[in-house]
Amino acid sequence: MSNEFTIEMFYDGDCPLCIRETRFLRKLDRRQRIRFTNIADADFNPAAIGKTHADLMAEIHGRLPDGSWVTGVEVFRHLYASVGLGPLVLLTRLPVIKQLMDAGYRLFARNRLKLTGRCDGPCVLPNLN
């Protein structure tokens with residue numbers, strides 16, 4: 001079994017949907033190719049990775065072994081490819097499907113706290129371009 005990871009996933013451990021997705025991925029990640037980092041952990045310091053908490057809360061982030069970053073749906077493409085679901089990933093790269101998925105994720109990310117019942121009143125995350 002290789003000790004090398006293919007992506008580090010930065011997830012919100014206080015988000016019920018994020019926790020569910022992380023559990024699902026951990027189950028599928030038999031070769032331990034994903035490194036999971038909980039940004040809600042009290043010991044997590046976003047400055048240590050050159051990000052702010054607001055950056056990481058605005059949309060999902062992934063870091064590749066070479067240190068480069070991916071965000072949004074592209075993180076999920078890497079995650080699912082890492083657990084052996086490459087054919088599914090290929091479908092999400094088709095032009096129309098890619099555009100719909102990217103737009104849908106941006107809408108979800110902007111409303112994630114509201115949708116998961118984690119805010120009272122106005123609940124705004126930074127705009128995603």
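Leaving aside its neighbours within four places in sequence, which residues is alanine 40 in contact with? I started the notebook with this one, working on a predicted model.

**Entry 1: alanine 40**

I found Tyr11, Asp12, Gly13 and Asp14 in contact with alanine 40, once neighbours within four places in sequence were set aside. I placed alanine 40 in the loop between β2 and α2. Its relative accessibility is 28%, so I put alanine 40 down as partly exposed. I also looked up the distance to histidine 53, which is 13 residues away along the chain. The C-alpha atoms of alanine 40 and histidine 53 are separated by 9.1 Å.

**Entry 2: the chain as a whole**

I counted five helices and four strands in the protein chain. Along the sequence I read the pattern β-α-β-α-β-β-α-α-α. The chain has 129 residues, and buried residues make up 38% of them. For contacts between residues at least 6 apart in sequence, I noted that 60% join residues at least 24 apart.

**Entry 3: isoleucine 49**

I went back to the loop between β2 and α2, where isoleucine 49 also lies. Is isoleucine 49 buried or exposed? I recorded isoleucine 49 as buried, because its relative accessibility is 16% and the cut-off for buried is under 20%. Not counting residues up to four places away in sequence, isoleucine 49 touches Phe10, Phe44, Leu56, Arg63 and Trp69. I took the C-alpha to C-alpha distance from isoleucine 49 to glycine 67 as well, and it is 9.8 Å across 18 residues of sequence.

**Entry 4: leucine 64**

I next looked at leucine 64, in the loop between β3 (61-63) and β4 (69-71). Leucine 64 has a relative accessible area of 15% and is therefore buried. How far apart in space are leucine 64 and isoleucine 7, C-alpha to C-alpha? I read 4.7 Å, for two residues that are 57 apart in sequence. Isoleucine 7 is also among the contacts of leucine 64. With neighbours within four places in sequence left aside, I listed these contacts as Phe5, Thr6, Ile7, Val70 and His78.

**Entry 5: threonine 22**

I located threonine 22 in helix α1. Its relative accessible area is 3%, so I entered threonine 22 as buried. Beyond its neighbours within four places in sequence, threonine 22 is in contact with Met9, Tyr11 and Phe36. Tyr11 had already come up as a contact of alanine 40.

**Entry 6: two positive phi values**

Most residues other than glycine have a negative phi. I noted glutamine 32 for its positive phi of about 50°, although it is not a glycine. Glutamine 32 sits in the loop between α1 and β2 (34-38). I put glutamine 32 down as exposed, because its relative accessibility is 53%. The other entry is glycine 84, which follows α3 and has a positive phi near 95°.

**Entry 7: α3 against α5**

At what angle do α3 and α5 pack? I found an angle of about 115°, with the axes 9 Å apart. I therefore described α3 and α5 as roughly perpendicular to each other. On the α3 side, Val73, Phe76 and Arg77 make the contact, and on the α5 side, Lys98, Met101, Asp102 and Tyr105 do. Sorted by class, this contact has four nonpolar, no polar and three charged residues. I then listed the buried residues of α3, which are Val73, Val75, Arg77, Leu79, Tyr80 and Ser82. Val73 and Arg77 are on that buried list, and they also take part in the contact with α5.

**Entry 8: the largest pocket**

I last looked up the largest pocket, which holds about 430 Å³ of space. Which of its lining residues are closest to the centre? Of the 23 residues in the lining, I wrote down Glu21, Ile60, Phe76, Tyr105 and Phe108 as the closest. Phe76 and Tyr105 had also appeared in the contact of α3 with α5. I then checked which elements supply at least two lining residues each: β1 (7-11), α1 (16-28), α2 (53-58), α3 (73-82), α4 (86-92) and α5 (95-115). By class, I recorded 17 nonpolar residues in the lining, one polar and five charged.

Terms used
Residues numbered from 1 in each chain as written. Predicted model: local features only at pLDDT ≥ 70, side-chain atom pairs only at ≥ 80, totals over all residues. Heavy atoms only, no water. 1 Å grid on protein atoms, 1.4 Å probe; cavity = no way out; pocket = protein on both sides within 12 Å on 5 of 7 lines; lining within 4 Å. Points joined across faces, edges and corners; volume = space filled by probe spheres on them. Nonpolar A, V, L, I, M, F, W, Y, C, P; charged D, E, K, R; others polar. Axes fitted to C-alpha atoms, helices over the stretch in contact; angles between N-to-C directions. Parallel < 35°, antiparallel > 145°, perpendicular 65-115°, else oblique. Contact = heavy atoms within 4.5 Å. Buried < 20%, exposed > 50% of the residue type's maximum accessible area, 1.4 Å probe, protein only.
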